[in-house]
Amino acid sequence: MSTVAKLGKIRVALIEQGYSAEMVDAMLDLLGIMMLERSLASKEEVKTLQDELTRFKIDVIDRFAQLRIDMRREITDLRIEMNQKLVQQGA
């Protein structure tokens with residue numbers, strides 16, 4: 001799979017997770033600059049871009065963690081509701 005195809009899949013996945021297309025595209029543009037023009041960028045510019053990418057990754061990790069918590073909470077609520085209905089039907 002080509003790098004472009006992989007980035008396309010990453011873009012779709014991030015948008016599905018709630019990130020705006022504009023935000024994802026901006027991050028991918030920054031990543032492209034880092035990959036393609038690193039030799040033309042100053043160390044400070046590269047460091048700034050790397051820091052922005054790191055903050056973006058941390059945000060993604062935080063969002064996935066919150067989604068996991070929300071999902072587990074919903075599953076627990078559904079189990080409680082199912083158990084209550086089973087108890088009511090059995091009584």
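The expected span of a helix is 1.5 Å times one less than its number of residues. Keep that in mind for helix H3 of this predicted model: H3 covers residues 43–90, and its 48 residues reach 70 Å from the first C-alpha to the last, close to the 70 Å expected at 1.5 Å a residue.

Let's place H3 in its surroundings. The chain has three helices and zero strands, so to speak an α-α-α run from the N terminus on. Of its 91 residues, 14% count as buried. In H3, the buried residues include Val 46, Leu 49, Leu 53, Phe 56 and Val 60.

Some of these names return at the largest pocket, where Leu 53, Phe 56 and Val 60 are among the lining residues. About 150 Å³ of space lies in this pocket. Helix H1 (3–16), helix H2 (21–36) and H3 are the elements that give two or more residues to its lining. Leu 7, Ile 10 and Leu 14 belong to the lining, as do Val 24, Met 27, Leu 28 and Leu 31, and Lys 57 is there too. By class, the lining has 10 nonpolar residues, no polar ones and one charged residue.

Phe 56 also takes part in an aromatic contact. The count comes to one aromatic pair. Its rings, those of Tyr 19 and Phe 56, have planes at 55 degrees, so the pair is tilted. Tyr 19 lies in the loop between H1 and H2 and Phe 56 in helix H3, 37 residues apart, and the pair thus links distant parts of the chain. Both residues are buried.

Tyr 19 has a second partner, as the charged end of Arg 63 sits over its ring. Here are the two contacts of the Tyr 19 ring side by side:

| Partner of Tyr 19 | Distance to the Tyr 19 ring centre |
|---|---|
| Phe 56 (ring centre) | 5.5 Å |
| Arg 63 (charged end) | 3.9 Å |

Note on methods
Residues numbered from 1 in each chain as written. Predicted model: local features only at pLDDT ≥ 70, side-chain atom pairs only at ≥ 80, totals over all residues. Heavy atoms only, no water. Helix = DSSP H or I, 4+ residues; strand = E, 2+ residues; numbered from the N terminus. Buried < 20%, exposed > 50% of the residue type's maximum accessible area, 1.4 Å probe, protein only. 1 Å grid on protein atoms, 1.4 Å probe; cavity = no way out; pocket = protein on both sides within 12 Å on 5 of 7 lines; lining within 4 Å. Points joined across faces, edges and corners; volume = space filled by probe spheres on them. Nonpolar A, V, L, I, M, F, W, Y, C, P; charged D, E, K, R; others polar. Phe/Tyr/Trp six-rings, centres within 6.5 Å; stacked < 30°, edge-to-face > 60°. Lys NZ or Arg CZ within 6 Å of the ring centre and 35° of its normal.
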